[in-house]
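User: Please take me through this chain by question and answer, starting with how far the model can be trusted.

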Amino acid sequence: MGDKPRGFRGSRDWIGCVEACLCLDYFGGPQGRLCHVPRGTGLRGQLDSLYSHFAGGGGPVMVGGDADAQSKALLGVCLGPGTEASVLVLDPHCWGAPQSPRDLQAAGWVGWHDVSTVFNPASFYNLCLTSPSPDSTGAHSLD
């Protein structure tokens, strides 16, 4: 796309959510929308928005942070009574063809996690929310 040095292509260097969102737009993938959360504790304030995203048919949410180097993909949100809340987390390093959803869970590739323990309170986070394109022309925008 021209945003990285020449040696980046073919390397094993990481990209973040911002670059992933740019790639979705550039390569005509699903529409990506970025959300920056300055501290992990602020993710609690995004739960209603994330819930609405998934309830409205939105796709996986890519998550990257600075102090939290464990990349994540969110697949769902469960809002409980009071302040209870969980997120369905997929480890994006998952590979292979599991025999069943139970295999994914048993191997730790996917599972529900309490929102207060899965995010580092001192880390910032970028979220890339994916949704089908609103049109069929292949044009996508970053909101």
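The turns below cover confidence, overall shape, the sheet and a few single residues.

User: What should I know about the source, and what is the mean pLDDT of the chain?

Analyst: This is a predicted model, in which local features need pLDDT of at least 70 and side-chain atom pairs count only at pLDDT 80 or more, while totals for chains, interfaces and linings use all residues. Residues are numbered from 1 along each chain as its sequence is written, and side-chain values use heavy atoms, with hydrogens and water left out. pLDDT is the predictor's confidence in each residue, from 0 to 100. In this chain 92% of the residues reach 70 or more, and the mean is 84.

User: Over which residues is the pLDDT below 50?

Analyst: The stretch in question has 18 contacts in the model beyond near neighbours in sequence, a contact being heavy atoms within 4.5 Å. The pLDDT is below 50 over residues 136-143.

User: What radius of gyration does the chain have?

Analyst: The radius is taken over C-alpha atoms, and the globule rule is 2.2 Å times the number of residues to the power 0.38. The C-alpha trace spans about 45 × 35 × 30 Å along its principal axes. For 143 residues, a compact globule would have a radius near 15 Å, and the chain agrees with this at 16 Å.

User: What pattern does the chain follow along the sequence?

Analyst: Helices (H or I, at least four residues) and strands (E, at least two) are DSSP runs, numbered from the N terminus. The chain has four helices and six strands. Read along the sequence, the pattern is α-β-α-β-β-β-α-β-α-β.

User: What is the order of the strands in the open sheet?

Analyst: Two strands pair if DSSP finds at least two bridges between them. The edge strands are E1 and E5 (110-114), each of which pairs on one side only. The sheet has six strands with antiparallel pairing, in the order E1-E6-E2-E3-E4-E5.

User: How many bridges join strand E1 to E6?

Analyst: E1 covers residues 31-37 and runs antiparallel to E6. One position in this pairing is His36, which stands opposite Asn126 in E6. The number of bridges joining E1 to E6 is seven.

User: In E6, what is the bridge partner of Met62?

Analyst: Strand E2 (residues 61-65) is joined to E6 by five bridges, and the two run antiparallel. Among the partners, Gly65 is matched with Tyr125, and Gly64 with Asn126. For Met62 the partner in E6 is Cys128.

User: Why is strand E6 largely enclosed by the rest of the structure?

Analyst: Buried means under 20% relative accessible area, exposed over 50%, and partly exposed in between (1.4 Å probe, protein chains only). Across the chain, buried residues make up 29% of the 143 residues. E6 (residues 125-131) is largely enclosed because, of its seven residues, the number buried is six.

User: How many residues lie between E2 and E3 in their hairpin?

Analyst: E2 and E3 pair in the antiparallel sense over three bridges. In this pairing, Val61 has Leu74 in E3 as its bridge partner. The number of residues between the two strands of the hairpin is six.

User: At about what angle to E3 does helix H2 run?

Analyst: Axes are lines fitted to C-alpha atoms, for helices over the stretch in contact, and angles run from 0 to 180 degrees between N-to-C directions. Helix H2 (residues 47-55) lies across E2, E3 (72-79), E4 (85-90) and E6. Its angle to E3 is about 100°.

User: Is His53 buried or exposed?

Analyst: His53 lies in helix H2. Leaving aside neighbours within four places in sequence, the contacts of His53 include Val61, Leu129 and Thr130. His53 has 9% relative accessibility, so this residue counts as buried.

User: What distance separates the C-alpha atoms of Gly16 and Cys128?

Analyst: Gly16 lies in the segment before helix H1 (17-26). At 32% relative accessibility, Gly16 counts as partly exposed. Gly16 and Cys128 are 112 residues apart along the chain, and their C-alpha atoms are separated by 9.5 Å.

User: How far apart in space are Gly2 and Ala106?

Analyst: Gly2 also lies in the segment before H1, and with 74% relative accessibility Gly2 counts as exposed. Gly2 and Ala106 are 104 residues apart in sequence, and the C-alpha to C-alpha distance is 41 Å.
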